[in-house]
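Visitor: I keep running into labels such as "buried" and "salt bridge". Take me through one structure and tell me how each label is earned.

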Amino acid sequence: MLKLTDVTVRFGAFEALSRVNLEVQEGELVVLLGANGAGKSTLFNTISGLNKPAAGDIEFAGKSVKGNSPDRMVKEGAVQCAEGRKLFSAMSVQQNLKMGGFVHRRKKAQLKDSLEEVYDLFPILHEKRDNAAGSLSGGQQQMLAIGRALMAKPKLMMLDEPSIGLAPLIVEQMFTIIKDINKSGTTVLLAEQNANAALKIADRGYVIENGSVVLEGNSTDLFTNDAIRKAYIGA
Ligand code: ATP
């Protein structure tokens, strides 16, 4: 579904991504592990069309999408749920969700169906549908951000550090929900520093350091890899 070939991204003289090769097959849940500043967000923003690669190619759903605008990428089905949630905090929960459905100019009935699907997945959002997004707890805001991304009916959902700042119990719930979203047919690319939780739900993973992929493998192999355990799991 997604294939990056030798993707390089520069900000001025600084090379933020160096010849990155990465693939995600349809139906997979793939995790991207890396410390702060490794290049995870840059990679997502490049797939989303916000950053333009200096070199390399990006294929999505069978065609090159290099140079596509961000709104084109959302229409194609590559939807990013950004780190830090980036909600419209003064708007209600329901208004935030509706914003996520805008891209398809769908009929009211379809929008209503999508809303119901999101509310089924996150009953708390239904309960709080008229509350301002900014009044929600951290975990609820993350659910809203994921719900808003789902409203765009993604083929590929890119989740940037969904566990950041959340209590351990909420993190566990969040990862269960992400796995459920994947099981119900959405391909997921997940950027995380929480390797322990992420590798438990992922099929495969990539480790990115200083803008380069340094390791890749299936989740079990990565989970038992000494270097990964030392750097990300702490065992
Ligand atoms: P974090 O979890 O902290 O967001 P990350 O792995 O997502 O980490 P990136 O945000 O992708 O890391 O940043 C990778 C590197 O690129 C960092 O050194 C960052 O300072 C740099 N960088 C990112 N965006 C820009 C930009 N627009 N201009 C210049 N440098 C940038």
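Guide: Let's begin with the element names: helices are DSSP runs of H or I with at least four residues, strands are runs of E with at least two, and both are numbered from the N terminus. Keep in mind that this is a predicted model. With those names, Lys-153 can be placed in the loop between helix 6 (138-150) and strand 7.

Visitor: What makes Lys-153 partly exposed?

Guide: Its relative accessible area is 38%. Partly exposed runs between the 20% limit for buried and the 50% limit for exposed, so that value falls in the middle class.

Visitor: What is notable about the phi of Lys-153?

Guide: It is positive, near 55 degrees, in a residue other than glycine. Most residues other than glycine have a negative phi. Arg-19 is another such case, with a positive phi of about 40 degrees. Arg-19 belongs to strand 2 (residues 14-24).

Visitor: Is Arg-19 buried or exposed, and how do you know?

Guide: Exposed: the relative accessible area of Arg-19 is 59%, and the label applies over 50%.

Visitor: And why is Val-9 called buried?

Guide: Buried means under 20%, and Val-9 comes in at 1%, so it qualifies. Val-9 sits in strand 1 (residues 2-11). Leaving out residues up to four places away in sequence, its contacts include Phe-14, Leu-17, Thr-42 and Pro-53. Glu-15 is also among the residues Val-9 touches.

Visitor: How do you know that Glu-15 and Arg-10 form a salt bridge?

Guide: Their closest N and O atoms are 3.0 Å apart. The cut-off is 4 Å between a side-chain nitrogen of Lys or Arg and a carboxyl oxygen of Asp or Glu, so the pair counts. Both partners are partly exposed, Glu-15 at 30% and Arg-10 at 45%.

Visitor: What about Asp-71 and Lys-75, why do they count as a salt bridge?

Guide: The closest N and O atoms of that pair are 3.8 Å apart, which is still within 4 Å, so the label holds. Being 4 residues apart in helix 2, Asp-71 and Lys-75 are separated by about one helical turn. Asp-71 has 44% relative accessibility and Lys-75 has 39%.

Visitor: Where do Lys-112 and Glu-116 lie?

Guide: Both are in helix 4 (residues 108-121), 4 residues apart, about one turn of the helix. They form a salt bridge too, with their closest N and O atoms at 3.6 Å. Their exposure labels differ: Lys-112 is exposed at 52%, while Glu-116 at 41% is partly exposed. Elsewhere, salt bridges with shared partners link Lys-63, Arg-72 and Glu-76 into one network. In total the structure holds 9 salt bridges.

Visitor: How many salt bridges are there between domain 1 and domain 2?

Guide: The count is 0, and for residue pairs in polar contact it is also 0. Domain 1 is 2-77 + 154-233, and domain 2 is 87-152.

Visitor: How do you know that the two domains touch, then?

Guide: Contact needs heavy atoms within 4.5 Å, and 14 residues of domain 1 meet that mark with 12 residues of domain 2. The size of an interface is often given as the accessible area lost when the parts come together. Here the two domains bury about 1100 Å² between them, 83% of it on carbon and sulfur atoms. On the domain 1 side, Pro-154, Met-174 and Ile-177 lose the most area, together 35% of what that side buries. Helix 2 (70-76), strand 7 (156-160) and helix 7 (168-183) each give two or more residues to this side, and helix 7 gives the most, with 6.

Visitor: What makes a set of residues a nonpolar core?

Guide: The members are buried residues of listed kinds, Leu and Ile among them, joined through side-chain atoms within 4.5 Å. The largest core here has 46 residues, and Leu-125, Ile-146, Ile-178 and Leu-190 touch the most other members. At least three residues come from each of domain 1 and domain 2. Separate from that core is another one of 25 residues, including Leu-22 and Ala-191.

Definitions and conventions
Residues numbered from 1 in each chain as written. Predicted model: local features only at pLDDT ≥ 70, side-chain atom pairs only at ≥ 80, totals over all residues. Heavy atoms only, no water. Buried < 20%, exposed > 50% of the residue type's maximum accessible area, 1.4 Å probe, protein only. Domains from an automatic or database assignment. Buried area = accessible area lost by both parts, 1.4 Å probe. Polar contact = N/O pair within 3.5 Å; in protein donor to acceptor, adjacent residues only side chain to side chain.
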